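User: I would like to learn how to read the features of a structure that is new to me. Could we go through them together, beginning with whatever I need to know before looking at a pocket?

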Amino acid sequence: MPIAYIQDIAKHEGQDVTIRGWLHNRRSSGKIHFLVVRDGTGFIQAVMSKASVGDETFQKADHLGQESAIIVRGQARADARAPGGYEIEVGDLQVVSEARDYPISPKEHGVEYLLDRRHLWIRSQRQHAILRVRHEVVNAVRDFFNREGFVLADAPIFTPSACEGTTTLFPVQYFEDDTAYLTQSGQLYNEATALALGRVYCFGPTFRAEKSKTRRHLTEFWMVEPEMAYATLDDVMRLAEKLVVSVVARVLEARQPELRALERDLSRLELVQAPFPRITYDDAIERLRAAGQPVEWGGDFGGTDETVLSGLFDRPVMVHRFPAAVKAFYMKPDPERPEVALGVDLLAPEGYGEIVGGGERLADYDLLLERVKAHDLPPSTFEWYLDLRRWGSVPHGGFGMGIERVVAWLCGLEHVRETIPFPRMLYRLAP
Ligand code: 4AD
Ligand code: MG
């Protein structure tokens with residue numbers, strides 16, 4: 001009898017199959033057990049009637065608790081009423097390990113309770129769907145860059161210096177003479193590898209000691225960061241747009257069942273087509289004021305500003321040319337208007353806010369040295385970075401896209417904490 005995975009059950013219609021999994025839910029009526037079985041690839045209802053399996057097997061399921069490990073054998077058959085369109089008519093049941101008093105029942109639990117039991121919570125139908133969307137997003141991203149001819153060149157996690165401001169650094173004491181920090185972004189190293197390899201990307205975990213407790217912030221998150229030599233802000237915006245369109249299309253194509261399980265409004269995702277509107281920071285300020293947000297020119301957008309702004313468009317919007325003073329030291333000032341920087345944020349629609357941040361880098365040696373000093377960064381640890389401007393400096397740029405924020409948006413989630421198997425936040429290190 002072939003071992004079948006629930007996700008492939010349609011291929012086995014009419015066949016006797018073996019499914020190895022766990023009992024997700026059970027309903028019984030005297031002569032029939034309805035067992036919802038999950039096997040990691042999906043969920044399916046297995047119908048077991050006393051008449052066809054006999055008393056002894058039937059009784060095995062009488063008191064079987066949620067999350068008992070079980071192997072069911074039976075015929076796969078199409079049934080339009082069944083969720084997923086198929087069910088199993090059980091011929092035999094084997095109990096591999098019996099579970100009792102599983103702490104997460106189908107009823108509602110508080111989020112802290114669930115986060116404390118994240119190692120079990122990930123077995124639920126909703127988390128199952130989210131983590132599979134995440135898997136698709138990660139692979140869509142990799143496939144995109146590989147197809148476009150970018151070279152994967154990973155950046156180190158232990159770094160000697162800040163990239164995104166000194167207030168969110170995680171120090172690590174280990175290296176002689178120096179404090180190391182967990183990386184906030186691979187960008188500075190990407191600039192080196194881009195000058196070596198042309199177009200590169202790195203993809204890995206990044207760390208921010210975020211003191212803010214918001215629905216968009218994790219202290220450990222995954223970021224993909226492309227970087228291109230001989231590129232301008234416009235090239236960076238085009239690439240971000242193309243990436244986002246490609247990832248959304250791929251998830252819509254490959255993960256419809258998961259998105260439906262999450263009750264995601266697919267029509268909103270189908271609108272994600274190029275071109276995305278591109279507006280300046282100045283324009284964004286005006287629109288925010290018109291929408292009643294009290295914003296001053298010169299500040300960075302807060303979470304609410306991003307929510308309001310992204311709610312004004314039916315597709316992602318790119319905001320460029322932010323005040324240089326609120327942006328990172330490496331951003332190139334606009335030559336026509338040096339008080340603004342050639343940076344861009346891409347905001348996801350439906351109030352999700354920033355998912356991509358990037359821009360054109362400062363390629364001029366003297367200006368960069370000035371900015372390093374103005375930001376109180378130690379010039380000695382940036383010597384290697386300044387070398388990139390000493391030898392063969394060219395216009396270049398790139399961006400970072402946070403995977404968890406993209407997953408939260410695509411799944412329609414309220415908070416990024418559900419988008420990663422084990423979230424790390426200000427008040428959350430366990431399990
Ligand atoms: O805008 P950020 O800080 O940009 C950079 O780090 C650049 N050095 C990237 C580059 O140009 N190579 O971060 C980029 C993206 C954000 O748009 C957001 O999606 C995500 O990373 N991000 C976070 N995601 C979850 N939790 C946090 N604390 C995040 N901080 C940034
Ligand atoms: Mg940003």
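Analyst: Helices and strands are DSSP runs, numbered from the N terminus, and the model to which we apply these names is a predicted one.

User: Which elements each supply at least two residues of the lining of the largest pocket?

Analyst: Two helices, α11 (303-310) and α14 (403-411), do so together with the strands β11 (220-229), β15 (337-348), β16 (353-360) and β17 (396-402). Of the elements, β16 gives the most, with 5 residues.

User: What is the volume of the largest pocket, and which residues lie nearest its centre?

Analyst: The volume is about 1200 Å³, and the lining comprises 47 residues, with Glu164, Arg208, Glu210, Asp300 and Glu354 lying nearest the centre. Sorted by class, the lining holds 18 nonpolar, 15 polar and 14 charged residues.

User: Turning to helix packing, why is α5 described as oblique to α7?

Analyst: Angles under 35 degrees count as roughly parallel, over 145 as roughly antiparallel, 65 to 115 as roughly perpendicular and the rest as oblique. The axes of α5 (residues 125-147) and α7 (residues 233-254) cross at roughly 135° and come within 9 Å, which means that α5 is oblique to α7. Among the residues making this contact are Val137 and Phe144 of α5 and Leu243 and Val247 of α7, and the contact residues divide into 11 nonpolar, 2 polar and 5 charged.

User: At what angle do α6 and α13 pack?

Analyst: Helix α6 (residues 187-197) packs against helix α13 (residues 383-390) at an angle of about 35°, with the axes 10 Å apart, and α6 passes α13 in a left-handed crossing. The contact includes Leu188 and Leu195 of α6 and Trp384 and Leu388 of α13.

Key
Residues numbered from 1 in each chain as written. Chains lettered and ligands numbered in written order. Predicted model: local features only at pLDDT ≥ 70, side-chain atom pairs only at ≥ 80, totals over all residues. Heavy atoms only, no water. Axes fitted to C-alpha atoms, helices over the stretch in contact; angles between N-to-C directions. Helix = DSSP H or I, 4+ residues; strand = E, 2+ residues; numbered from the N terminus. Contact = heavy atoms within 4.5 Å. Nonpolar A, V, L, I, M, F, W, Y, C, P; charged D, E, K, R; others polar. Left-handed = near helix turned anticlockwise from the far one by under 90°. 1 Å grid on protein atoms, 1.4 Å probe; cavity = no way out; pocket = protein on both sides within 12 Å on 5 of 7 lines; lining within 4 Å. Points joined across faces, edges and corners; volume = space filled by probe spheres on them.
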